[in-house]
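Here are some notes for a first look at this one. Have the model open beside you while you read.

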Amino acid sequence: MTIYTYHLKPPLVINAAKKQGMYYDFVRHINTINEKYFFEIVPVPRKRIERMIENDTLNGILLGVNPLWFNDPKEDKFLWTHKVFTDRDKIVSLKEQSIEYNDQTSLIGKIFGGVRGFYYYGINELVAKNKIIRVNTTRAC
């Protein structure tokens, strides 16, 4: 059975070619504890996942997503499991110019460094309102 993922950044995916990272470890584990199915990760860009959902051609499991990200807060549009694990993004600042981070509004007037193409909940909205300057990198690591 196919397990799709579009989060291709460490520690979730360290090296897709070598099948290294937490997602690969998780799939290896579930393959050892069941005899009925064999699961395999297929990395796919988010835009392609969205097209597959729109065209009803997503034939598998989508790993590492949140119902809010897919406009399904009541979890009645798609079939959802319980949480497998919880992760989060971290805000890092220079010690000399430290930021006391409470929520995304703590970044108003600051420069935010993010990975191109990644969505940062609350922060993207403030960037769109010109309250935060965002500078993108081209890679997650």
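The points below go from the whole chain down to single residues.

1. Before anything else, keep in mind that this is a predicted model. The values here are computed from that model.

2. Start with the overall layout. You will find 3 helices and 5 strands in the chain. If you walk along the sequence, they come in the pattern β-α-β-α-β-β-α-β. The C-alpha trace spans about 55 × 30 × 25 Å along its principal axes.

3. Next, how much is tucked away? Of the 141 residues in the chain, 25% are buried. The accessible surface comes to about 10900 Å², and carbon and sulfur atoms account for 52% of that surface. As for contacts, take those between residues at least 6 apart in sequence: 42% of them join residues at least 24 apart.

4. Now the aromatic rings. The chain has 5 aromatic pairs. One of them is formed by Phe78 and Trp80, with 6.4 Å from centre to centre and 80° between the planes. Why is this pair called edge-to-face? Because the label applies to planes over 60 degrees apart, and the angle for Phe78 and Trp80 is 80°.

5. Are those two residues buried or partly exposed? Phe78 has a relative accessible area of 31%, so it counts as partly exposed. Trp80 has 21% and is partly exposed as well. The cut-off for buried is under 20%, so Trp80 at 21% does not meet it.

6. Another ring to look at is that of Phe70. Which residue has its charged end over this ring? That is Arg46, whose charged end sits 4.3 Å from the ring centre.

7. On the surface, have a look at Met1, Tyr37 and Ile61, which make a nonpolar patch of about 280 Å². Ile61 belongs to strand β3, covering residues 61–62. With a relative accessible area of 34%, Ile61 is partly exposed. Patch residues need over 30% relative accessible area, so Ile61 passes that cut-off.

8. Finally, try Glu125, which lies in helix α3 (residues 123–128). This residue is partly exposed, at 32% relative accessible area. Which residues does Glu125 touch, leaving aside those up to four places away in sequence? They are Tyr119 and Tyr120. Gln104 is 21 residues from Glu125 in sequence, and their C-alpha atoms are 9.5 Å apart in space.

Notes
Residues numbered from 1 in each chain as written. Predicted model: local features only at pLDDT ≥ 70, side-chain atom pairs only at ≥ 80, totals over all residues. Heavy atoms only, no water. Phe/Tyr/Trp six-rings, centres within 6.5 Å; stacked < 30°, edge-to-face > 60°. Buried < 20%, exposed > 50% of the residue type's maximum accessible area, 1.4 Å probe, protein only. Lys NZ or Arg CZ within 6 Å of the ring centre and 35° of its normal. Patch = residues over 30% accessible without salt bridge, like charges linked within 9 Å, V, L, I, M, F, W, Y side chains within 5 Å. Areas by Shrake-Rupley, 256 points an atom, 1.4 Å probe, with all protein chains shown as cover. Salt bridge = Lys/Arg side-chain N within 4 Å of Asp/Glu carboxyl O. Helix = DSSP H or I, 4+ residues; strand = E, 2+ residues; numbered from the N terminus. Contact = heavy atoms within 4.5 Å.
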